[in-house]
Amino acid sequence: MGLTRDKNRELDERWIAEILSWIEETGEVFVYLRYLFNSPNTKFALVASEDALRRLVQISPEGAELTACKGECLPIRGVVGEELLARVHDGLPARKDCVCVFTQGSSPEHPVLEGNSWCSVSEMAAELREHEGEQVAIGEFAAGERKTISAVIGGLDGPR
């Protein structure tokens, strides 16, 4: 599959204005970034200001797809340890896709964060034990169940 330009998917000021209205309403927006040819893998951002949003757009390469999710997406936050893992097991459905974003070092200048998604809470919890002591934000990866909007830097579309 080749690359195409789609003006209807291009990230523009309308997209930014919509996300800014969500930030004003909810305080933070969860964004996941998918790149052409899956290179690099999916990255994440927790955006709480116009400066952070514009910086995220500025540093994203052409063809990056940014999908913003409205609402409280990653409500379980804290340092990985037994207490947090217990909250994960109590707070998330066992067989739902879930996501963990490593939040340490996040700043408006460097808004892109590492993270991962899993098909079940037990898979995620097992892997998170290797990250004890790290700051995280965790929740359901329920993009189809909440309001989302996507746009592509430069309108460049292709395989992700």
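This report walks through a four-stranded sheet and the helices beside it in a predicted model.

## Ground rules

Residue numbers start from 1 along each chain as its sequence is written. In this predicted model, local features need pLDDT of at least 70 and side-chain atom pairs count only at pLDDT 80 or more, while totals for chains, interfaces and linings use all residues, and side-chain values use heavy atoms, without hydrogens or water.

## The sheet

Let's start with the strands (DSSP runs of E, at least two residues, numbered from the N terminus). Four of them make an open, antiparallel sheet, ordered β3-β2-β4-β9; two strands pair if DSSP finds at least two bridges between them. Because β3 (43-47) and β9 (148-152) each have a single partner strand, one side of each edge strand is left without a neighbour in the sheet. From one strand to the next, the twist averages 20° (axes are lines fitted to C-alpha atoms, for helices over the stretch in contact; angles run from 0 to 180 degrees between N-to-C directions).

## Strand β4 and its partners

Five bridges tie β4 (residues 65-69) to β9, and five bridges join β2 to β4. On the β9 side, Cys69 is bridged to Thr148 and Thr67 stands opposite Ser150. On the β2 side, Val31 has Ala68 as its bridge partner.

Five of the five residues of β4 are buried, so the strand is largely enclosed by the rest of the structure (buried: under 20% relative accessible area; exposed: over 50%; partly exposed in between; 1.4 Å probe, protein chains only). Glu65, Thr67 and Cys69 point one way, Leu66 and Ala68 the other.

## Helices across the sheet

Helix α1 (residues 13-26) lies across β2 (29-34), β3, β4 and β9, at about 145° to β9. Helix α2 (residues 50-59) lies across β2, β3 and β4, at about 155° to β3. Helices here are DSSP runs of H or I, at least four residues, and contact means heavy atoms within 4.5 Å.
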